[in-house]
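Open your viewer, switch on the cartoon view, and keep the selection box handy. Ready for a walk around?

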Amino acid sequence: MFESSLSGNIFFESILEDATGRSIKVLKTQFKSGGCINNALKLITTEGDYFLKWQSGIPEDMFQKEALGLKLLSNTNTIKIPEVYAYGKVEGKHYLLMENIESAQPSNNYWEDFGITLAEMHLNNTSLKYGLDHDNYIGKLPQPNDDKEDWIDFFIHNRLEYQLKLAIDNHMVNNSFIDRYRKFYEILPQLLPIDRPALLHGDMWSGNVMVGGDGKVCLIDPAVYYGHREIELAFTHMFGGFDYDFYDSYKATYPLDSGFEERIDIYNVYPHMVHVNLFGQSYLHGVEGVLRRYL
Ligand code: ADP
């Protein structure tokens with residue numbers, strides 16, 4: 001935890017004024033680690049606590065899209081989502097100001113409750129097509145959401161192929177990889193089941209899951225779209241997986257097609273490719289393993 005300098009406080013107070021139209025004094029700041037992209041801190045002010053993210057050199061609409069995604073999830077009245085107060089630009093830096101979530105100990109039925117509420121969100125918030133009425137971001141990478149009636153078509157074009165093109169532009173992949181990766185598209189219709197489009201958080205790794213003040217789950221930093229809900233559950237396995245109670249209660253509330261466990265690595269080609277493009281080639285091995293298994 002670091003205290004900010006006086007000049008830092010003046011910058012944060014300018015943001016608060018831009019966001020609220022009022023002059024609010026910052027009493028103390030606490031930096032938050034754990035995010036991958038932006039600067040983040042808790043502002044303790046004369047008018048209560050705020051959570052602030054800020055960054056320069058990011059796409060102009062990145063925080064606007066994050067705010068839209070948080071609002072879409074919040075409107076489902078299922079899982080707790082922090083309230084967004086404002087986003088904007090001060091001194092050339094983009095900011096997103098929202099409700100500060102004070103973490104507490106997880107409640108006894110934390111994982112069970114999380115599984116049930118996520119299942120309810122997927123069950124009750126559906127769409128006729130896969131996609132969304134706007135493109136957004138995953139991390140700081142663009143995430144296209146052009147709508148499609150077919151899930152596999154959507155997954156290939158807006159997720160796998162889009163990330164491959166970024167990796168080609170970033171000189172991350174060679175021709176042999178590109179050929180095998182595209183061949184993999186051809187067998188996806190035999191491997192992936194069909195389901196109706198459900199509203200997804202879209203980036204549900206453990207770093208985007210917080211325990212709120214009431215001991216229940218609170219989700220942050222989404223990459224929202226309507227997709228196959230299996231990709232959401234697969235995402236939770238990216239860095240080790242969640243508690244068994246989470247999956248059991250999810251399935252009891254909204255059952256999955258049999259064989260989901262075998263499909264996890266297929267869906268996770270997408271977040272692996274996102275990691276390749278954000279953090280480097282070391283994440284390619286996760287994709288190579290899947291290509292070797294199926295081709
Ligand atoms: P990034 O955009 O860099 O990935 P995150 O949105 O993940 O940043 O936020 C960084 C960290 O700040 C998170 O790991 C979490 O600990 C904390 N955090 C995020 N949102 C809130 C919030 N609304 N209230 C309190 N802490 C938060």
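This tour goes from the whole chain to single residues, one selection at a time.

**Stop 1: the whole protein**

Select everything. One thing to keep in mind: this is a predicted model. The cartoon shows ten helices and eleven strands. Along its principal axes, the C-alpha atoms of the protein fill a box of roughly 60 × 45 × 35 Å.

How does the radius of gyration fit a compact globule of 295 residues? Such a globule would come out near 19 Å, and the protein has 20 Å, so the two agree.

Now try a surface view. The accessible surface comes to about 13,700 Å², and carbon and sulfur atoms own 48% of that. As for the inside, 53% of the 295 residues are buried. The chain also brings distant parts of itself together: take the contacts between residues at least 6 apart in sequence, and 66% of them join residues at least 24 apart.

**Stop 2: the ligand**

Select the ligand and show what is around it. The ligand is surrounded by 19 residues, and the closest are I37, N38, K53, I101 and D221.

Which residues should you click for polar atoms beside the ligand? Go to the side chain of K53, where an N or O atom sits 2.7 Å from an oxygen of the ligand. Then look at the backbone of E99, which has a polar atom 2.9 Å from a ligand nitrogen. At I101 a polar backbone atom is again the partner, 2.7 Å from a nitrogen of the ligand. On its own the ligand would expose 550 Å², but the protein buries 93% of that.

**Stop 3: helix 2 and the loop after it**

Select residues 62-74, which make up helix 2. Try the distance tool on the C-alpha atoms at its two ends: they are 18 Å apart. Why does that fit? At 1.5 Å a residue, the 13 residues of the helix should span 18 Å, so the model agrees. Now colour the buried residues of helix 2: M62, F63, K65, E66, A67, G69, L70 and L73.

Move on to N77, in the loop between helix 2 and strand 4 (84-90). N77 isn't a glycine, yet it has a positive phi of about 50 degrees. Is N77 buried or exposed? N77 has a relative accessible area of 70%, so it counts as exposed.

**Stop 4: N145**

Next, select N145, found in the loop between strand 7 (141-143) and helix 4 (151-169). Its relative accessibility is 0%, so N145 counts as buried. Show side chains and look for two polar contacts: the side chain of N145 meets the side chain of N136 at 3.0 Å, and it meets the side chain of R159 at 2.7 Å. Beyond four places in sequence, the contacts of N145 include H134, D135, F154, V224 and Y225.

**Stop 5: helix 4 and the loop after it**

Stay with helix 4 and pick E161, which lies in it. E161 has a relative accessible area of 10% and is buried. Its side chain makes a polar contact of 2.7 Å with the side chain of R182. Y185 is also among the residues that E161 contacts. Now add M273 to your selection: it is 112 residues from E161 along the chain, but their C-alpha atoms are separated by 9.9 Å.

Then select H171, in the loop between helix 4 and helix 5. H171 is another residue that is not a glycine but has a positive phi, here about 55 degrees. With 69% relative accessibility, H171 counts as exposed.

**Stop 6: helix 8 and E230**

Select residues 260-267 to bring up helix 8, whose buried residues are F260, R263, I264, I266 and Y267. What do those buried residues pack against? Helix 4, helix 5 (175-191), helix 6 (229-235), helix 9 (269-279) and helix 10 (284-294).

For the last selection, go to E230 in helix 6. E230 is buried, with a relative accessible area of 1%. A polar contact of 2.4 Å joins the side chain of E230 to that of Y267, one of the buried residues of helix 8. E230 also touches F260 and R263, and its other contacts include P193, L256 and D257.

Notes: Residues numbered from 1 in each chain as written. Predicted model: local features only at pLDDT ≥ 70, side-chain atom pairs only at ≥ 80, totals over all residues. Heavy atoms only, no water. Helix = DSSP H or I, 4+ residues; strand = E, 2+ residues; numbered from the N terminus. Expected span 1.5 Å × (residues − 1). Buried < 20%, exposed > 50% of the residue type's maximum accessible area, 1.4 Å probe, protein only. Polar contact = N/O pair within 3.5 Å; in protein donor to acceptor, adjacent residues only side chain to side chain. Contact = heavy atoms within 4.5 Å. Rg over C-alpha atoms; globule rule 2.2 N^0.38 Å. Areas by Shrake-Rupley, 256 points an atom, 1.4 Å probe, with all protein chains shown as cover. Near = heavy atom within 4 Å.
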